[in-house]
Amino acid sequence: MKFEPLFKSENNKLVNIESGDIYSTGNLHWVYGENISAACLPDSKKKVVAVLIKWSAVELEPGAYNEEFLATLRDYLKTLENNGFYAFVVPETVRPLPDADAVQSYIDAMVHCARRIKDCVSVVGFAIPAELLKKDSDLGVNSYAQWFMNEMNVKHAHYVYFADKAVIAEKALEEALKESVLIEYAK
């Protein structure tokens, strides 16, 4: 299932392609994956929801995915869609990423998550996991951020990608951000 993109990154801002409206990513409604329900709808002024999901909620053990959690996540994202909201997924690790194999396993779990929510028009993209941004010294073609986006784009080319403003500042990546397609968000 392929969607035409609804949003794009323009000057590190989230822009609706059709209307040209800029959607704020500075004061987001946050929902934590373990607590998602229809009751988690945001204030109607906040059109974008950040959905934080832990790696351990998606992948119970290497290669074994929590399909029940992913179905609940999909249902919640469909509720957002039916109520005129948009969301991006913010992945979070709960275990170290000491080597390339661990990073690949983490990315594979997030790609699997994306596959399970692929029919949710409300999903505009994913945040680059903070744990990957913290490993980067730039945001170029050999960065962890680019690795994550490349893997996701194989099946989800309509997604836009987000970066935590605090991590960008911590890693002194502000100039690299300006040259990237990443959209900055604040917690």
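# A guided tour of the predicted model

Begin by selecting Ala-176, which is partly exposed because its relative accessible area of 24% falls between the 20% limit for buried and the 50% limit for exposed residues. This is a predicted model, and in it Ala-176 belongs to helix α7, which covers residues 174-178. If you now add Arg-95 to the selection, you have two residues that are 81 places apart in sequence and, from C-alpha to C-alpha, 27 Å apart in space.

**The parallel sheet**

Next, colour the strands β4, β5, β8, β9, β10 and β11, which in the order β4-β5-β8-β9-β10-β11 make up an open sheet of 6 strands with parallel pairing. At the edges you will find β4 (29-32) and β11 (183-185), each of which pairs on one side only. Looking along the sheet, you can see that neighbouring strands are turned against each other by 30° on average, when direction is ignored.

Keep β8 (residues 86-92) and β9 (residues 123-127) in view, since these two strands pair in the parallel sense over 3 bridges. Select Phe-88 and you will find that its bridge partner in β9 is Gly-125, while for Val-89 the bridge partner in β9 is Phe-126. Strand β9 is mostly covered, with 5 of its 5 residues buried.

**The nonpolar cores**

In soluble globular proteins, nonpolar side chains tend to be buried together. Which residues of the largest nonpolar core touch the most other members? Among the 48 residues of this core, they are Leu-73, Leu-77, Ile-117 and Phe-126, so these four are good ones to show as sticks. Helix α3 (residues 100-116) supplies the largest share of the core, with 9 residues.

Now centre the view on Ile-117 and, leaving aside its neighbours within four places in sequence, look for its contacts with Leu-73, Arg-74, Leu-77, Val-89, Val-123, Phe-126 and Tyr-159. A second core, separate from the one just visited, has 17 residues, including Leu-14, Trp-30, Val-48 and Val-124.

**Two helices**

Select helix α5 (residues 144-153), which lies across β8, β9 and β10 (160-164) and runs at about 155° to β10. Then bring back α3, which packs with α5 at an angle of about 40°, the two axes being 10 Å apart. The two helices are therefore oblique to each other, and their crossing is right-handed.

Which residues meet where these helices pack? On the α3 side, select Ala-100, Val-103, Gln-104, Ile-107, Asp-108, Met-110, Val-111 and Ala-114, which meet Tyr-144, Trp-147, Phe-148, Glu-151 and Met-152 of α5.

**The hairpins**

For the last stop, move to strand β1 (residues 7-10) and strand β2 (residues 13-16), which pair in the antiparallel sense over 4 bridges. Here Ser-9 stands opposite Leu-14 in β2, and Leu-14 is also one of the members of the second core. The two strands form a hairpin with 2 residues between them, and in its turn Asn-11 has a positive phi of about 55°.

From β2, go on to strand β3 (residues 22-23), with which β2 pairs in the antiparallel sense over 2 bridges. Val-15 stands opposite Ile-22 in β3. This hairpin has 5 residues between its strands, and Gly-20 takes a positive phi near 80°.

How values were computed. Residues are numbered from 1 along each chain as its sequence is written. This is a predicted model: local features need pLDDT of at least 70, side-chain atom pairs count only at pLDDT 80 or more; totals for chains, interfaces and linings use all residues. Side-chain values use heavy atoms; hydrogens and water are left out. A nonpolar core is a set of buried Ala, Val, Leu, Ile, Met, Phe, Trp, Tyr and Cys residues joined through side-chain atoms within 4.5 Å. Buried means under 20% relative accessible area, exposed over 50%, partly exposed in between (1.4 Å probe, protein chains only). Contact means heavy atoms within 4.5 Å. Two strands pair if DSSP finds at least two bridges between them. Axes are lines fitted to C-alpha atoms, for helices over the stretch in contact, and angles run from 0 to 180 degrees between N-to-C directions. Angles under 35 degrees count as roughly parallel, over 145 as roughly antiparallel, 65 to 115 as roughly perpendicular and the rest as oblique. A crossing is left-handed if the near helix is turned anticlockwise from the far one by less than a right angle, and right-handed if clockwise.
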